[in-house]
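Here's a walk through the fold, strand by strand, with a stop at the ligand. Keep the structure open as you read.

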Amino acid sequence: MQEISLHILDIAQNSIRAGAKLIEITVTENLKEDVFSFTVKDDGCGMDEELLKKVTDPFVTTRTTRRVGLGIPLLIAGAEATGGNVKIKSKVGVGTEICATYSHSHIDRQPLGDIASCMMSVISMNPDIDFIYTHFYEQKSFTLETRELKAVLGDVKLSEPSVALWVKEYVNENLTEIYGGAS
Ligand SMILES: Nc1ncnc2c1ncn2[C@@H]1O[C@H](COP(=O)(O)OP(=O)(O)OP(=O)(O)O)[C@@H](O)[C@H]1O
Ligand SMILES: [Mg+2]
């Protein structure tokens with residue numbers, strides 16, 4: 001995968017498949033400590049210890065449509081190529097938290113990519129799931145919370161194209177703001 005936003009989308013798809021009702025996505029960029037990290041936390045079905053130990057293996061999947069699961073192994077490969085790592089915490093019946101850490105300045109760190117479009121797609125395609133997206137850049141941050149959005153929208157659905165576009169613009173505008181105008 002060429003971009004970290006696509007990994008985020010992919011890891012969030014795992015959460016959706018696990019039946020999550022709330023998915024929290026946090027991106028943290030700390031230049032001083034040279035850290036780029038993201039966390040995807042869900043309240044889905046979770047994994048037992050046996051599966052948890054095996055998920056780093058590309059041949060492990062509970063998918064029935066094909067026999068290889070590559071999402072997590074590819075994520076690990078991308079993070080480790082920069083000297084980073086991936087940590088997975090999971091509990092059956094509670095949920096899963098996956099945290100990928102990269103060296104921010106490493107030449108092989110994939111770019112974040114179009115996270116605004118990724119959030120737009122995942123939110124509009126899953127209007128019944130609550131998402132919280134938070135992005136920290138140095139001292140600045142912003143949050144997009146679909147529960148707040150739903151409260152404002154009333155009867156208007158998150159799957160409405162105009163709302164989806166608003167989500168994308170909201171994320172892009174706030175990214176420009178926290179990046180200090182130059183993204
Ligand atoms: N958030 C999660 N909650 C519960 N189980 C999970 C979660 N994430 C991953 N898993 C389990 O780990 C397995 C491996 O995940 P991985 O993303 O590596 O592959 P996959 O989703 O099966 O296939 P692919 O990502 O290639 O479409 C999944 O099939 C699923 O059983
Ligand atoms: Mg997957």
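E29 sits in strand β1. This is a predicted model, so take every value here as computed from it. Is E29 buried or exposed? It has 21 C-beta neighbours inside 10 Å, and since 20 or more is the cut-off, E29 counts as buried. Setting aside residues up to four places away in sequence, E29 touches F36, H104, F136 and Y137. One of those contacts, F36, is also the bridge partner of E29 in β2. S90, on the other hand, is 61 residues from E29 in sequence and 24 Å from it in space, C-alpha to C-alpha.

Now for the sheet that β1 belongs to. Six strands make up an open sheet, in the order β3-β4-β2-β1-β5-β6, with mixed pairing. At the edges you'll find β3 (85-91) and β6 (140-145); each has a single partner strand, so one side of each lacks a neighbour in the sheet. From one strand to the next, the twist averages 10 degrees. If you're tracing side chains, remember that in a regular strand they alternate between the two faces of the sheet.

Here's how some of the strand pairs line up:

| Strand pair | Direction | Bridges | An opposite pair |
|---|---|---|---|
| β1 and β2 | antiparallel | eight bridges | E29 and F36 |
| β1 and β5 | parallel | eight bridges | V27 and H135 |
| β5 and β6 | antiparallel | six bridges | Y137 and K140 |
| β3 and β4 | antiparallel | seven bridges | S90 and T96 |

The turns are worth a look too. The hairpin of β5 and β6 has two residues between its strands, and there E138 takes a positive phi near 50 degrees. E138 isn't a glycine, but its phi is positive all the same. It counts as partly exposed because 13 other C-beta atoms lie within 10 Å of E138. The hairpin of β3 and β4 has three residues between the strands, and in that one G93 has the positive phi, near 80 degrees.

Another non-glycine with a positive phi is D34, at about 55 degrees. You'll find D34 in the loop between β1 and β2. How many other C-beta atoms lie within 10 Å of D34? There are 15, so D34 is partly exposed.

On to the helices that pack on the sheet. α3 lies across β3 and β4, and runs at about 140 degrees to β3. Helix α5 (residues 146-153) packs on the sheet as well, where it touches β5 and β6. The direction of α5 makes about 55 degrees with that of β6.

For a closer view of α3, pick out I76, which is found in that helix. I76 has 18 C-beta neighbours inside 10 Å, so it counts as partly exposed. Which residues does I76 contact, leaving aside neighbours within four places in sequence? They are T56 and V86. K89 is 13 residues from I76 in sequence, and the two are 14 Å apart in space, C-alpha to C-alpha.

What about the inside? The largest nonpolar core has 37 residues, and the members touching the most others are I8, A12, I25, V40 and M119. Elements that each supply at least two residues of this core include α1 (4-17), β1 (22-30), β2 (35-42) and α6 (161-178). Which element gives the largest share of the core? That's α4, with seven residues. V40 makes a handy spot to start exploring: not counting residues up to four places away in sequence, V40 touches I8, I11, A12, S15, I23, I25 and I98.

Last stop, the ligand. Ligand 1 is surrounded by 20 residues, and the closest are N14, A18, G69, G71 and I72. Two elements, α1 and α3, give two or more residues to the shell around ligand 1. Sorted by class, that shell holds eight nonpolar, nine polar and three charged residues. Both helices also feed the core described above, with α1 and α3 each supplying at least two of its residues.

Definitions and conventions: Residues are numbered from 1 along each chain as its sequence is written. Chains are lettered from A and ligands numbered from 1 in the order in which they are written. This is a predicted model: local features need pLDDT of at least 70, side-chain atom pairs count only at pLDDT 80 or more; totals for chains, interfaces and linings use all residues. A nonpolar core is a set of buried Ala, Val, Leu, Ile, Met, Phe, Trp, Tyr and Cys residues joined through C-beta atoms within 7 Å. A residue is buried if 20 or more other C-beta atoms lie within 10 Å of its own, exposed if 12 or fewer, and partly exposed in between; C-beta atoms are placed from the backbone. Helices (H or I, at least four residues) and strands (E, at least two) are DSSP runs, numbered from the N terminus. Two residues are in contact if their C-beta atoms, placed from the backbone, lie within 7 Å. Two strands pair if DSSP finds at least two bridges between them. Axes are lines fitted to C-alpha atoms, for helices over the stretch in contact, and angles run from 0 to 180 degrees between N-to-C directions. A residue is near a molecule or strand if its C-beta atom, placed from the backbone, lies within 6 Å of it. Ala, Val, Leu, Ile, Met, Phe, Trp, Tyr, Cys and Pro count as nonpolar, Asp, Glu, Lys and Arg as charged, and the others, Gly among them, as polar.
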